[in-house]
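Please open the model in your viewer and keep the selection tool at hand, because the tour moves from one selection to the next.

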Amino acid sequence: MLKRFLFLLVLVFIGGGTYGYRQYERLGKPLNPKGGSAELVIEKGAHFKAVVRQLVKRQILDNPTAFELLARYQGADRSVKAGTYVIDLKTTPRELLMS
C-alpha cells in the first residue's frame, strides 16, 4: 500500500512539474507571433488583477495564471502605473512585465 502511494505521489510531482514548466515556457513566446500592436489604458488606482483581466478580455494574454505568478515572483504586481500604453504583440509576457 505504501509503495503504491509513493508511486502515485511521484507521478503527481512529475506531472505537476511538467505542467508548470510548460506554462513557464509559454511566457517566453510572443503574445501574438503575427505581430501588430494593441493599446492598453490603465486607470489610476487600478490593481494588477484588473489589468490582467483587461489583457485577457482583449485577447492579448491567454495564460493569466502563469503571468500573475511570474509577476508576483518579480514584484511587478505591486508596480502598476496608470497611463496609456501601446503593446507590441511580438513582445513576450516576460518582456511585458519588465517594461
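An axis here is a line fitted to C-alpha atoms, for helices over the stretch in contact, and an angle between axes runs from 0 to 180 degrees between N-to-C directions. Helices (H or I, at least four residues) and strands (E, at least two) are DSSP runs, numbered from the N terminus. The model is predicted, with local features needing pLDDT of at least 70 and side-chain atom pairs pLDDT 80 or more, while totals for chains, interfaces and linings use all residues. Residues are numbered from 1 along each chain as its sequence is written, and side-chain values use heavy atoms, leaving out hydrogens and water.

Select α2 (48-57) and α3 (64-74), which pack at an angle of about 150° with their axes 11 Å apart. Their contact (heavy atoms within 4.5 Å) is made by Phe48, Lys49, Val52, Leu55 and Val56 of α2 together with Pro64, Phe67, Glu68, Ala71 and Arg72 of α3.

Now keep α2 alone: which of its residues are buried? They are Phe48, Val51, Val52 and Leu55, where buried means under 20% relative accessible area and exposed over 50%, with partly exposed in between (1.4 Å probe, protein chains only). Seen down the axis of α2, these buried residues fall within an arc of 100° (taken from the directions from the helix axis to the C-beta atoms), so they line one face of the helix. The face turned away from this buried side carries the exposed residues Arg53 and Lys57.

Next, show what covers the buried residues of α2, which includes β1, α3, β2 (83-88) and α4. Finish just after α2, at Gln59, which takes a positive phi of about 60°.
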